[in-house]
Amino acid sequence: MMLSLRTKLLLSNMLSCLLGAVSGALVWFILGDGSLWLAIIVMLSVCYFCSMWLTRRLSDSLRALEIGLLNFKDNDFSVSLHPYGEPQLDKLVSLYNQASAKLRSERQFIYQRELMLDKVIQNSPNVMLLIDDSQRVIYANGAARHLFNQGVKVEGMLLPELVVMLPDALKTALNSEQEGLFSMSSRDGVSGDVDSNGDHNANSNADSSDVETWHISRGRFTQNNQQHHLILLKQLTKELNRQEVAVWKKVIRIISHELNNSVAPIASMVNSGKFLTQHLDNSKLQLIFDTIENRTTHLSQFISHYAQFAKLPQPQRQLIDWAKMTQQLAQQYPFNLLSPLPVNPIKLDAVQLEQVFINLLKNAHESGAVADTVSITFEEITHPVNGLLIKVDDQGSGMSSEVLSQALLPFYSTKQSGTGIGLPLCREIIEAHGGRISMQNRPEGGLSVKFWLPVQQG
């Protein structure tokens, strides 16, 4: 019959006490009545050392478990314990060893995952930067090191030190707390458009194909009781290059041509049918003709929206009458004018520019903003390049990071009846004038769309 550890401990205590009592009695018997205290001391000593010797295995095993658990606390799972020949202790040792092996396996798995994740992040074309509350860089991937410090390690450096030599558009985007879109010229890393403060950089005459559109997003989390800030910069130009846009435009032109070839004869036949049957006074026949006419008109309008994007003509520049244009715009979509109208003459395509305003104001009013919170601001820029900054603000719901990153893609729309052409058409018109467009959420709520146009005086 196998005794339990508890029974063995009780028996060992009883045996220790018995041996101690016998030893004390022998001393007292041999030395006489005057040796009572010596007998007691001998009895306690024998009892103590016997208990120590009988429980040594338990003490060793518990000490080993303590050391092992301390190693766990220090993330060291390499220690394994050997059995002691005591079934209950050996079971505890076995459980410890299983836990240690499991933790080693999990740590190895996590380590492999971390290596794989780090490899993916390091080779990602997206710029990833992790900073703390003091603006010190904690982590940066390869794209971030290349962008900020020519591939040299930047961990430990302060973000304000890194952005000193960057283009103004990128510098402003990083210093801002907002997410949004901005553009830079790919030529020598010099920005060619308006930044979020309205400053225009050199190289404004760079070809629009050299312009790179970027999206900046931010995140915040707490680790080890410290706030960390994650900055992600994603280049959108690679996802939407000019060749892709050209292919889409060609497809649109082909589809529009074929649809128009069908819609025009249908519309003509409907008019002829209505004329030939007008004397019949048949309400059902009239309803059929009206339905066909309404649908063909709707289809023609639908086609024209896409054709406008696909067949955008070159700007026909003329001096802009700002007072007349803003009055006409206010009749369609009311807004507040928060600045004086531009004074210096500027040559732009009035029709195309009005279309830009209509699209932006329409979006602002459909964003959920109160009508009197939609505003337009003009600012004339003289340094380093003459230009005109125009800002359309609203206090609507703004855009999520995902929507912001795709807002300028043709055919992308979050509206149920949207065509996804409005903002891409604005971008096409603005860039055709040599300008640049940027978008970002406002700190006080809503969206701010800014576009810069170079001045060509008449």
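How many bridges join strand β9 to β10, and in which sense do these strands run? In this predicted model, seven bridges link β9 (residues 375-381) with β10, and the two strands run antiparallel. The following paragraphs describe the chain as a whole, then its strands, its helix pairs and several loop residues.

The chain contains 13 helices and twelve strands. Of its 458 residues, 39% are buried. Among contacts with a separation of 6 or more, 61% are accounted for by residues 24 or more positions apart.

Strand β10 spans residues 387-393. Six of its seven residues are buried, so β10 is largely enclosed by the rest of the structure. Within its pairing with β9, Ile381 has Gly387 of β10 as its bridge partner. Strand β10 also pairs with β12 (residues 447-454), again through seven bridges and in the antiparallel sense. In that pairing, Val392 stands opposite Val449 of β12. Strand β10 is thus paired with β9 and with β12.

Strand β12 has a further partner in β11, to which it is joined in the antiparallel sense over six bridges. Asn441 has Leu447 of β12 as its bridge partner. The two strands form a hairpin in which five residues lie between them. Gly445, located in the turn, has a positive phi of about 105 degrees. Strand β11 itself covers residues 436-441, and six of its six residues are buried, so this strand is largely enclosed by the rest of the structure. In a regular strand, side chains alternate between the two faces of the sheet. In β11, Arg436, Ser438 and Gln440 point one way, whereas Ile437, Met439 and Asn441 point the other way. All of these residues are buried, on either side of the strand.

Two helix pairs were examined. The packing of two helices is described by the angle between their axes and the distance between those axes. Helix α3 (residues 56-73) packs with helix α4 (residues 87-122) at an angle of about 15 degrees, the axes being 11 Å apart. Because angles under 35 degrees count as roughly parallel, α3 is described as roughly parallel to α4. The crossing of these two helices is left-handed. On the α3 side, the contact involves Arg57, Leu58, Ser61, Leu65, Gly68, Leu69 and Phe72. These residues meet Leu89, Leu92, Tyr96, Ala99, Ser100 and Leu103 of α4. By class, the contact of α3 with α4 comprises nine nonpolar, three polar and one charged residues.

Helix α10 (residues 322-332) and helix α11 (residues 350-366) form the other pair, with axes that come within 11 Å and cross at roughly 35 degrees. The crossing of α10 and α11 is right-handed. Helix α10 contributes Trp322, Met325, Gln328, Leu329 and Gln332 to the contact, and α11 contributes Ala350, Leu353, Glu354, Phe357, Ile358 and Leu361. The residues of this contact divide into eight nonpolar, two polar and one charged. The handedness of the two pairs is therefore opposite, since the crossing of α3 and α4 is left-handed whereas that of α10 and α11 is right-handed.

Several residues in loops were also considered. Asn126 lies in the loop between α4 and β1 (127-132). With a relative accessible area of 25%, Asn126 is partly exposed, because buried residues are those under 20% and exposed residues those over 50%. Beyond residues up to four places away in sequence, Asn126 touches Asn141, Ala143, Leu233, Lys234 and Gln235. Asn126 and His215 are 89 residues apart in sequence, with a C-alpha to C-alpha distance of 9.9 Å.

Most residues other than glycine have a negative phi. Gln135, by contrast, has a positive phi near 70 degrees. This residue, Gln135, is situated in the loop between β1 and β2 (137-140) and counts as partly exposed at 29% relative accessibility. A positive phi, near 55 degrees, is also found at Gln150. Gln150 is placed in the loop between α5 (142-149) and α6 (159-162). With a relative accessible area of 75%, Gln150 is exposed.

Technical notes
Residues are numbered from 1 along each chain as its sequence is written. This is a predicted model: local features need pLDDT of at least 70, side-chain atom pairs count only at pLDDT 80 or more; totals for chains, interfaces and linings use all residues. Side-chain values use heavy atoms; hydrogens and water are left out. Axes are lines fitted to C-alpha atoms, for helices over the stretch in contact, and angles run from 0 to 180 degrees between N-to-C directions. Helices (H or I, at least four residues) and strands (E, at least two) are DSSP runs, numbered from the N terminus. Angles under 35 degrees count as roughly parallel, over 145 as roughly antiparallel, 65 to 115 as roughly perpendicular and the rest as oblique. Contact means heavy atoms within 4.5 Å. Ala, Val, Leu, Ile, Met, Phe, Trp, Tyr, Cys and Pro count as nonpolar, Asp, Glu, Lys and Arg as charged, and the others, Gly among them, as polar. Buried means under 20% relative accessible area, exposed over 50%, partly exposed in between (1.4 Å probe, protein chains only). Two strands pair if DSSP finds at least two bridges between them.
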